[in-house]
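Got a minute to go through some labels and ask what earns them? Have a look at the model first.

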Amino acid sequence: MPTRHFNRFLQVLSGNCLAGISIAWWKWNHNSHHIACNSLDFDPDLQHMPFFAVSSTLFSSIRSYFYDRKMNFDSFCRFLVSYQHYTFYPVMCFARINLFAQSIILLSSKRKVPNRGQEILGVLSFWIWYPLLVSCLPNWHERVIFVLASFSVTGIQHVQFCLNHFSSSVYLGHPKGNDWFKKQTNGTLDITCSSWMDWFHGGLQFQIEHHLFPRLPRNQLRNISPFVKELCKKHNLPYMTVSFWEANMLTIATLRAAALKAQDLAYPVPKNLVWEAVNTHG
């Protein structure tokens, strides 16, 4: 049986050292997401302004209780959100940069971080070996292509994160003790696929099962899926599952609906010169 220290070593190795992402940040972010799944003001996985807004409720510049700041819906944000259904996939290709930044912000903040020294050394090791690896390529053209390709490949994972939640129900506030299960199933979407495609989704296709039993190993999620579906039916809880293609279409439709509302002048915000230039007619 792996010891606690060995588990910790594997976490820092796979997260900080090999991926450049602080495992402390991941736990803080992901635990908050699980506690308040799809809460617009508590779930950090829905707080992506100025790039994305899944609901027009965010246009009211609500407060993020995760980041402890106001999420301003200003003219620049409106401009980006107005075209988010077009920019979604390109931005996802570089979404890993945000994880790098959030990791560095946390580790350099005054917030209490367990084993901060280990976390910092792990992230520093990534920023030593990765640039050295890129420098081994013969010219800048190949180096740029390699970096873009590596970011784009990881972008597939970021798309999957979004597919599981962006098109599901959202709400304000935090879940109460008696509606936690409903909030989890309401805010989560499963993706149907054959068992031989499990390697591609990495367990993310059973997101409802993962949210109800977050510590269950991912190789067991398919096995419990029929029981979870039956449980949801018994207690009249939603259990939504669609194909990978349909999940993409639902996500784009959600982003497009919010984008059209962002373009609506019924949501007035001060406009900047970029907005005015792009939207000038006549």
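What follows is a set of questions and answers on this predicted model.

Q: What makes Arg-63 and Asp-68 a salt bridge?
A: The cut-off is 4 Å between a side-chain nitrogen of Lys or Arg and a carboxyl oxygen of Asp or Glu. Here the closest N and O atoms are 2.8 Å apart, so the pair of Arg-63 and Asp-68 qualifies. By this rule, the count comes to four salt bridges.

Q: Why is Asp-68 called exposed, and Arg-63 partly exposed?
A: Exposed takes over 50% relative accessible area, and buried takes under 20%. Asp-68 has 55%, so it is exposed. Arg-63 has 35%, which lies in between, so Arg-63 is partly exposed.

Q: How do you know that Asp-179 and Lys-183 form a salt bridge?
A: Same kind of check: N to O is 2.8 Å for Asp-179 and Lys-183, and the rule asks for within 4 Å. So that pair counts too.

Q: Is Asp-179 buried or exposed, and what makes it so?
A: Buried. Its relative accessibility is 17%, and the label needs under 20%, so Asp-179 makes the cut.

Q: What makes the pair of Arg-222 and Asp-198 a salt bridge, and where do the two sit?
A: Their closest N and O atoms are 2.7 Å apart, against a limit of 4 Å, so they pass. Arg-222 belongs to helix H11 (residues 221–234) and Asp-198 to helix H9 (residues 198–201). With the two positions 24 residues apart, this pair links distant parts of the chain.

Q: Why do Arg-222 and Asp-198 count as partly exposed?
A: Arg-222 comes out at 28% and Asp-198 at 23%. Partly exposed is the label between under 20% and over 50%, so it fits both residues.

Q: Why are H5 and H7 called roughly perpendicular?
A: The axes of H5 and helix H7 (residues 140–163) cross at roughly 85° and come within 9 Å. Roughly perpendicular covers 65 to 115 degrees, so the label applies to H5 and H7.

Q: Which residues make the contact of H5 with H7, and how do they divide by class?
A: From H5 come Arg-96, Ile-97, Leu-99 and Phe-100, which meet Phe-151, Thr-154, Gln-157 and His-158 of H7. By class, that contact has four nonpolar, three polar and one charged residues.

Q: What is the handedness of the crossing of H5 and H6, and at what angle do their axes cross?
A: The crossing is left-handed. The axes of helix H5 (residues 96–107) and helix H6 (residues 116–135) cross at roughly 145° and come within 11 Å. On the H5 side the contact uses Phe-100, Leu-106 and Leu-107, while H6 residues in it include Ile-120, Phe-126 and Trp-127. The contact of H5 with H6 divides into seven nonpolar, no polar and two charged residues.

Q: Why is Gln-102 called buried, and what does it touch?
A: Gln-102, found in helix H5, has a relative accessible area of 16%, and buried means under 20%, so the label holds. Leaving out residues up to four places away in sequence, Gln-102 touches Trp-25 and Tyr-67.

Q: What makes Arg-215 exposed, and where is it found?
A: Exposed means over 50%, and Arg-215 has 83%, so it is exposed. Arg-215 is found in the loop between helix H10 (207–212) and H11. Its C-alpha atom is separated by 35 Å from that of Pro-131, 84 residues apart along the chain.

How values were computed. Residues numbered from 1 in each chain as written. Predicted model: local features only at pLDDT ≥ 70, side-chain atom pairs only at ≥ 80, totals over all residues. Heavy atoms only, no water. Buried < 20%, exposed > 50% of the residue type's maximum accessible area, 1.4 Å probe, protein only. Helix = DSSP H or I, 4+ residues; strand = E, 2+ residues; numbered from the N terminus. Axes fitted to C-alpha atoms, helices over the stretch in contact; angles between N-to-C directions. Left-handed = near helix turned anticlockwise from the far one by under 90°. Contact = heavy atoms within 4.5 Å. Nonpolar A, V, L, I, M, F, W, Y, C, P; charged D, E, K, R; others polar. Parallel < 35°, antiparallel > 145°, perpendicular 65-115°, else oblique.
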